[in-house]
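Colleague: Could you walk me through how the two chains meet in this model?

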There are 2 protein chains.
Amino acid sequence: MAATPANPAHPANPVNPEHGRIGVGVLGYGNVGSALVALLAEQQTAIAKRTGMNLEVSRVGVRSLSRQRELALDAQMFTTDALSVVNDPATDVVVELIGGVQPARELVLAALRQGKPVVTANKELLANHGAELYETADASGVDLLFEAAVGGGIPLVRSLRESLAAEPVSRVMGIVNGTTNYILSQMTEHGATYSDALADAQALGFAERDPTADVEGFDAAAKAAVVATVAFGAQVPADSVYREGICGVTDEDIAQAERLGYVVKLLAIAERVGYVNEKLGLAVRVHPAMVPVHHPLALVRDSFNAVFVEGDAVGELMLYGRGAGGRPTASAVLGDLVDAASNLCQNTCTPIGSLEDAVICSINDLESEYYINMEVIDEPGVLAAVAGVFGQHGVSIRSMEQEGLGDQARIVFITHTATERDVQATLGDLRELDSVRGMPGLLRVIGG
Amino acid sequence: MAATPANPAHPANPVNPEHGRIGVGVLGYGNVGSALVALLAEQQTAIAKRTGMNLEVSRVGVRSLSRQRELALDAQMFTTDALSVVNDPATDVVVELIGGVQPARELVLAALRQGKPVVTANKELLANHGAELYETADASGVDLLFEAAVGGGIPLVRSLRESLAAEPVSRVMGIVNGTTNYILSQMTEHGATYSDALADAQALGFAERDPTADVEGFDAAAKAAVVATVAFGAQVPADSVYREGICGVTDEDIAQAERLGYVVKLLAIAERVGYVNEKLGLAVRVHPAMVPVHHPLALVRDSFNAVFVEGDAVGELMLYGRGAGGRPTASAVLGDLVDAASNLCQNTCTPIGSLEDAVICSINDLESEYYINMEVIDEPGVLAAVAGVFGQHGVSIRSMEQEGLGDQARIVFITHTATERDVQATLGDLRELDSVRGMPGLLRVIGG
């Protein structure tokens, strides 16, 4: 969507258009913050030539003054008082790269309320307090831009907010967490176990020492909430996103997927599911899934990210790139920063607009095909007993194969489309059968 | 880049902001024009809700009044006088979907000079008269938007113009012609010959009866010029683009590529090659190329398009989708239309800005690896004679294999990086050898 005039509450443009100097207050000086400061220094002249604006770092808020490893800036620029960066009259635009909800929320709100545009990469903040922040930005007539919050350097948010603003988007499916995609790629391509692949990712710095946020799907779920909000113009609170991580994915699942023509990926999925009580119905979830080997998402390897968009008019789109890393993320932040600064100079902004009050459907009501893999006791009648349980719950079987013998015996099913509720009820009853051992494994199957 | 105030020459906003009605004059009612009118009718309410603007088709310019097949609009809306659509006071924004240079150029210029924003899908017009049109739009302070000119529904142009405005882009490589990608995919996946695959594409409506514009690379070359302009902010005239089509690609080349771990694709490539006499040096070309099988572009099948962007900061990006077709293209046009209309209401626009006067380098100066496939007479000493010619021109050989015997004998080379000039000189001398039969085949090899 295009520019709109700033709120008359801020008629006095703080920027001196004659000199075109825009002071950039940077909050956070980790990987992305330091990469942004470096990239801005490299690109300053080119940006000035192209836009007439001279973007200059005004101040940098850091957690501790002893931790600056970079000497790109004068030591005087750094402060531990983040609010002073926001309040500094020399700060025209605020870039928030602290992450987490507090103190980021207070700082972003303070900036917006002062009529200072904010660029942020903070998916957790947006997923949990997006509605409040978007309203505050629109009320102040300034930009709140967040391209870097999902998919690092991939121009996804702008494409959804602007290029596809008039497109009837039906579904967005993304590989939005590089760590888990690296782990699953290692398991798929090198036959690694989950724990070996995780250790490898940690050694390479792709995974944190405590990998919970990545492998349990929390990071992807926050991004799913942000993507759903921009794709459908609807409020999607973080805690409404169904979430399963990849800890339960076994090398057996990966091997079976390959045999059946699929690849296992952790997907963030947001889709339109009609209307519920006259409100827009959305389904937003994160879980591992079997993706057909010829689907464009199946080909996204290592720590790359990609988001696949389906629209009634545009058909299928995919945006692919580096979903993390200092410089790719800083590139997205800088794109937003130039935009926010230009809009500020013109006293306009790109509003989010009012968000629809959508109904987020329970996963129990959603339909999918399912892959189910269970260990069984190898004796006559097992297959009939198991198939009978599927039938009782109206879950129709597309393919069923018994593999191995004796202690190694297992049955692998692919169902036709069924509801989650019916499949979970089927699994519950299967666990009660004497001939089924342990917990059946389940993966949802994405249609080709 | 963000909004800039309109030229004071047009202070009187023609739009009545109270009612928010925006009259859309549509020039051309073929596949895309009729899809746009239908899509606009479907999305009108949603757009109004989201933006407050009511987009209404004011008039439609057609070549012949007898040809309307759609009844979506009142017959009174149609006229064969295209200029009257532009001049109509009820037309606030003009959508140009006629294609070709004339009369499109006059109509677009007329609209821009009247302060009416233009949305166009016309790559030929932009590639040949872009500089004039961009200047006219910027001088009038109105938008000239052209997302649909390259890659149909793929949000490429906006990503390059806005998200990557501050990114040091080094190279853009695209599969931007669906017809040739369909033909090459059929040859690769089904072993079809070039002529059978072309006939198939014609039967399915992917290729025109006269396929010259597609198979000779003219369509891709026009798109390459447009992409290079937005990626590098430089003037790239259509006739400066080196162009080779796919007519010379044989099933033998396709099979050899597969054996060597490559796929043959028709690529449009625009890259930065340093500075020449203190001016930005660019190389812009279209030719078939061998793409490593694991490269994301290798996986773009059938009539899909994709553009792979490499930047110093953002790393590797790829945007993938439907590059043609009425509804995907109309989706991109509608995204631009909403943007142009919003900017018009706010009396702002997204300027192209001044374009650099770049030097477009000759292909002779460019470097690549090369695949060369030649029929030879199967006799002792052939390999030595042929290898000697490469050596004389300083072209270093990475791999060399003789295949077949007797009449079927051929040698397949992959070179190390060499200049086009040296490789062409090598080929010239090879043709003089008695032991080489016919014309050696050549394909440039893209690095993985």
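**The interface between chain A and chain B**

Modeller: Happily! In this predicted model, 53 residues of chain A are in contact with 53 residues of chain B, contact being heavy atoms within 4.5 Å. Local features need pLDDT of at least 70, side-chain atom pairs count only at pLDDT 80 or more, and totals for chains, interfaces and linings use all residues. Residues are numbered from 1 along each chain as its sequence is written, chains are lettered from A in the order in which they are written, and side-chain values use heavy atoms, leaving out hydrogens and water.

Colleague: What area is buried between chain A and chain B?

Modeller: Buried area is the accessible area (1.4 Å probe) that two parts lose on being put together, summed over both. Carbon and sulfur atoms give 57% of it here, and the area is about 4,400 Å².

Colleague: Which residue of chain A forms a salt bridge with R158(B)?

Modeller: A salt bridge is a side-chain nitrogen of Lys or Arg within 4 Å of a carboxyl oxygen of Asp or Glu, and the count between the chains is three. For R158(B), the closest N and O atoms are 3.0 Å apart, and the partner is E162(A).

Colleague: Which residue of chain B stands opposite Y320(A)?

Modeller: β13(A) is joined by five bridges to β13 (residues 315-322) of chain B, and the strands run antiparallel. Strands are DSSP runs (E, at least two residues), numbered from the N terminus, and two pair if DSSP finds at least two bridges between them. Opposite Y320(A), in β13(B), stands M318(B).

Conventions: Helix = DSSP H or I, 4+ residues; strand = E, 2+ residues; numbered from the N terminus.
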